[in-house]
Amino acid sequence: KKVLVLNGINLNMFGKRDPKQYGTTTLAEIDTMLQKLGQELGAEVESFQTNCEGTMVERIHKAFHDKVDAVVINAGAWTHYSIGLRDALAILTVPIIEVHMSNVHARETFRHHSVFVDIAKGQICGFGAESYLLGLRAAVSAIPA
Ligand code: DQA
């Protein structure tokens, strides 16, 4: 089982961003935790981060060709407005799990809306770094046998 974990704009700065919203864990530390959990769950986990929307879209196209089994995505601010990213995700036929460190629904109203949550299996938010681990578990469970 191959799970691709995608991280979008500004998420390489976790650890330096507002600790009230995002804690102090770095993306590298999250990746290490995901690798460990992936091993426990018998899933191969690959993580990818970019601040460029086109690069993210092209990584999603590659995921389509590579036939990954599930995608976990924290698209950062793109979540709230990128139709290009939504259209790329819509090409995939595998389960997509949307994750956020912060509880986006308890924040500014512009963060309440996700332009792709309706094509995701579900959304996990508000649990800090744990959101990713819950997201990986959800992704592995959602992969058809
Ligand atoms: C975020 C929430 C987004 O609203 C924000 O733009 C981010 C991070 C999160 O993980 O809580 O960059 O996706």
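This is a short tour of a predicted model, told as a series of selections to make in your viewer.

**Stop 1: strand E3**

Start by selecting residues 70-76, which form strand E3. Seven of the seven residues in this strand are buried, so E3 counts as mostly covered by the cut-off of 20 or more other C-beta atoms within 10 Å. In a regular strand, side chains alternate between the two faces of the sheet. Try colouring the two sides of E3 separately: Ala 70, Val 72, Asn 74 and Gly 76 go on one side, while Val 71, Ile 73 and Ala 75 go on the other. Both faces turn out to be covered.

**Stop 2: the partners of E3**

Which strands pair with E3? Add residues 2-9, strand E1, and you will see E1 and E3 running parallel, joined by six bridges. To find one of these pairings, select Leu 6 together with Ile 73, its bridge partner in E3.

Now add residues 96-100, strand E4, which is also parallel to E3 and is joined to E3 by three bridges. Here the pair to select is Val 71 and Ile 96, its bridge partner in E4. Next, follow the backbone from E3 to E4: the chain passes through helix H4, residues 83-91, on the way. This β-α-β crossover is right-handed.

**Stop 3: Val 71 and the core**

Keep Val 71 selected and show what surrounds this residue. Setting aside neighbours within four places in sequence, Val 71 is in contact with Leu 4, Leu 6, Ala 63, Leu 92, Val 94 and Ile 96.

Val 71 also belongs to the largest nonpolar core, which has 34 residues. Which members touch the most other members of that core? They are Val 3, Val 71, Val 72 and Leu 136. To see where the core draws its residues from, display the elements that give two or more: strands E1, E3, E4 and E5 (122-125), along with helices H2 (27-41), H3 (53-66), H4 and H5 (130-142).

**Stop 4: around the ligand**

Select Asn 10, Asn 74, Gly 76, Ala 77, Thr 79, His 100, Met 101, Ser 102, Val 104 and Arg 111, the residues around the ligand. Two of the names, Asn 74 and Gly 76, will be familiar from one side of E3. By type, this shell has six polar residues, three nonpolar and one charged.

**Stop 5: two backbone angles to check**

Most residues other than glycine have a negative phi. Asn 10 has a positive phi of about 75° and is not a glycine. You will find Asn 10 in the loop between E1 and helix H1 (19-22). Asn 10 is partly exposed because 15 other C-beta atoms lie within 10 Å.

Then jump to Lys 67, another non-glycine residue with a positive phi, this time about 60°. Lys 67 sits in the loop between H3 and E3. Is Lys 67 buried or exposed? With 9 other C-beta atoms within 10 Å, Lys 67 is exposed.

**Stop 6: where H2 meets H5**

Select Leu 133, in helix H5. Leu 133 has 19 other C-beta atoms within 10 Å, and so is partly exposed; 20 would make a residue buried. Beyond its sequence neighbours within four places, Leu 133 is in contact with Met 33 and Leu 37. Leu 37 and Leu 133 are 96 residues apart in sequence, yet their C-alpha atoms are 7.3 Å apart.

Now add Lys 36, in helix H2. Measuring from C-alpha to C-alpha in your viewer should give 10.0 Å between Lys 36 and Leu 133, which are 97 residues apart in sequence. Lys 36 is exposed, because 12 other C-beta atoms lie within 10 Å and 12 or fewer counts as exposed.

**Stop 7: two loops to finish**

Return to the loop between E1 and H1 and pick Met 13. Met 13 is partly exposed, with 13 other C-beta atoms within 10 Å. Leu 27 is 14 residues away along the chain, and the two C-alpha atoms are separated by 7.5 Å.

Finally, select Glu 108, in the loop between E4 and E5. Glu 108 is exposed, with 8 other C-beta atoms within 10 Å. Draw a C-alpha to C-alpha distance from Glu 108 to Phe 48: the two are 60 residues apart in sequence and 27 Å apart in space.

Conventions:
Residues numbered from 1 in each chain as written. Predicted model: local features only at pLDDT ≥ 70, side-chain atom pairs only at ≥ 80, totals over all residues. Helix = DSSP H or I, 4+ residues; strand = E, 2+ residues; numbered from the N terminus. Pairing = 2+ DSSP bridges. Right-handed = clockwise from strand over helix to strand, strands pointing away. Near = placed C-beta within 6 Å. Nonpolar A, V, L, I, M, F, W, Y, C, P; charged D, E, K, R; others polar. Core = buried A, V, L, I, M, F, W, Y, C linked by C-beta atoms within 7 Å. Contact = placed C-beta atoms within 7 Å.
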